[in-house]
Amino acid sequence: MTDPDLDTPVLDDHLHLDPDAGRGLEAVRDFRRLGGTHLLVVNKPSWHLGVEAETGEDFRAVFDRTLDVVTDADDLLPGRAWPVLGVHPGLISRLVDDRGFAPDEARDLMQAGLDVAAEYVREGRALALKTGRPHYDTPDAVWDASNTVLRHGLALGADADCAVQLHTEASEDLTDIAGWAEERGLSSHRVVKHYAGPTLAGPTPSVMCRKEWLREAAERGDPFLMETDFVDDPDRPGAVMGPKTVPRRVRMLLDEGYDDAVRRAHVETPAQVYGIDTEATLTG
């Protein structure tokens with residue numbers, strides 16, 4: 001059941017769980033104890049799980065491990081956990097710089113991995129896809145290849161009728177990507193900018209839970225989501241935000257009178273973007 005003082009679904013739109021090397025289900029328990037109800041669990045970068053892919057099929061090990069931990073998390077929550085599967089855009093640098101791939105070879109491998117991820121969505125085993133482009137400077141050939149991968153991911157989202165989460169550079173204007181999505185038949189509101197600030201043109205922002213960013217997003221009145229990007233990496237214990245953060249920030253927003261914004265972020269926007277009902281999926 002939800003925390004009686006929160007009395008609302010509470011969704012973390014983007015976090016990672018590592019049941020082998022990280023906190024795994026203990027992080028889920030922390031989230032629930034503070035009033036969290038729903039999670040979107042994104043697979044960790046493939047190489048963080050020891051997978052150095054040679055073919056698209058090699059990504060199945062990453063996706064299947066993610067599905068396993070999502071099933072376990074689902075059992076612990078009063079709501080639901082859903083998997084978001086894809087290929088981290090930073091893989092292109094690992095392939096080109098460390099493994100000797102040409103940019104077009106890296107592009108093809110990453111697209112093949114996304115093709116496999118889309119199979120999981122079509123089968124109803126995953127909710128959404130993840131793709132993007134590096135958030136750091138790259139050579140032109142790598143940047144161009146990355147954008148080709150991104151556009152491929154958007155096309156797959158349109159074909160599989162699902163949302164697509166983006167990992168990109170920090171920006172307040174991603175109308176270029178929103179336009180690419182619309183050209184491929186994917187509504188731009190179903191494209192989600194992970195690790196977003198409160199102001200974004202184009203995709204739907206998944207706002208990092210900095211207090212001032214959330215207050216600004218609440219005041220703006222536009223659709224938004226909330227996330228921690230919890231990385232669940234014991235070697236980076238202070239990286240990004242912990243799993244308790246979203247429920248704590250929901251409590252803050254409610255205490256400050258932003259009830260409508262909480263409903264927008266945790267009920268209305270998830271329904272619009274992902275087609276999920278965070279109220280109907282609450283039990284207990």
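This report describes the pockets, the cavity, the salt bridges and the ring contacts of one predicted model.

Residues are numbered from 1 along each chain as its sequence is written, and side-chain values use heavy atoms, with hydrogens and water left out. Because the model is predicted, local features need pLDDT of at least 70 and side-chain atom pairs count only at pLDDT 80 or more, while totals for chains, interfaces and linings use all residues.

**Pockets and cavity**

Open and closed spaces were searched on a 1 Å grid over the protein atoms alone. A cavity is a set of points where a 1.4 Å probe fits but cannot get out; a pocket is an open set with protein on both sides within 12 Å along at least five of seven lines; lining residues have an atom within 4 Å of a point. Grid points are joined across faces, edges and corners, and a volume is the space filled by probe spheres set on the points. For the linings, Ala, Val, Leu, Ile, Met, Phe, Trp, Tyr, Cys and Pro count as nonpolar, Asp, Glu, Lys and Arg as charged, and the others, Gly among them, as polar. Helices (H or I, at least four residues) and strands (E, at least two) are DSSP runs, numbered from the N terminus.

The largest pocket has a volume of about 590 Å³. It is lined by 29 residues, and those closest to its centre are His135, His167, His194, Tyr195 and Asp229. Strand β6 (residues 191-196) contributes four residues, the most to this lining. By class, the lining of the largest pocket holds nine nonpolar, 12 polar and eight charged residues.

The second largest pocket has a volume of about 160 Å³. Of its 14 lining residues, Pro203, Thr204, Pro205, Asp222 and Pro223 lie nearest its centre. Three elements, β7 (204-208), α7 (211-220) and α9 (259-274), each supply at least two residues of this lining. The lining of the second largest pocket divides into eight nonpolar, four polar and two charged residues.

There is one cavity of 30 Å³ or more. The largest cavity has a volume of about 60 Å³, and its lining includes Leu17, Val41, Lys44, Arg65 and Val69. Both β2 and α2 give two or more residues to this lining, and α2 gives the most, with three. Six of the residues that line the largest cavity are nonpolar, two polar and three charged.

**Salt bridges**

A salt bridge is a side-chain nitrogen of Lys or Arg within 4 Å of a carboxyl oxygen of Asp or Glu. By this rule the model has 24 salt bridges. The table gives three of them.

| Acid | Base | N to O distance |
|---|---|---|
| Glutamate 26 | Arginine 29 | 2.8 Å |
| Glutamate 52 | Arginine 94 | 2.6 Å |
| Glutamate 256 | Arginine 215 | 2.8 Å |

Glutamate 52 sits in the loop between β2 (38-42) and α2 (60-76) and arginine 94 in helix α3 (residues 91-99), so that pair links distant parts of the chain, 42 residues apart. Accessibility is classed as buried (under 20% relative accessible area), exposed (over 50%) or partly exposed (in between), with a 1.4 Å probe and protein chains only. Glutamate 52 is partly exposed at 33%, and arginine 94 is partly exposed at 26%.

The pair of glutamate 256 and arginine 215 also links distant parts of the chain, 41 residues apart, from the loop between α8 (245-255) and α9 to helix α7. Glutamate 256 is partly exposed at 36%, as is arginine 215 at 30%. Salt bridges that share partners join Glu52, Glu54, Arg94 and Arg99 into one network.

Arginine 29 and glutamate 26, by contrast, both lie in helix α1 (residues 25-33), three residues apart, about one turn of the helix.

**Rings**

Rings of Phe, Tyr and Trp (its six-membered ring) pair if their centres lie within 6.5 Å; planes under 30 degrees apart count as stacked, over 60 as edge-to-face and the rest as tilted. The count comes to two aromatic pairs. The rings of phenylalanine 59 and phenylalanine 63 are stacked because their planes stand at 20°, with centres 6.3 Å apart. Phenylalanine 63 and tyrosine 120 form an edge-to-face pair, 5.6 Å centre to centre with 80° between the planes. Phenylalanine 63 lies in helix α2 and tyrosine 120 in helix α4 (residues 103-122), so this pair ties together parts 57 residues apart in sequence. Phenylalanine 59 and phenylalanine 63 are both buried, and tyrosine 120 is buried too.

A charge sits over a ring if NZ of Lys or CZ of Arg is within 6 Å of the ring centre and within 35 degrees of the ring normal. Arginine 151 lies over the face of tryptophan 180, 4.7 Å from the ring centre, and arginine 210 over that of tryptophan 213, at 4.0 Å.
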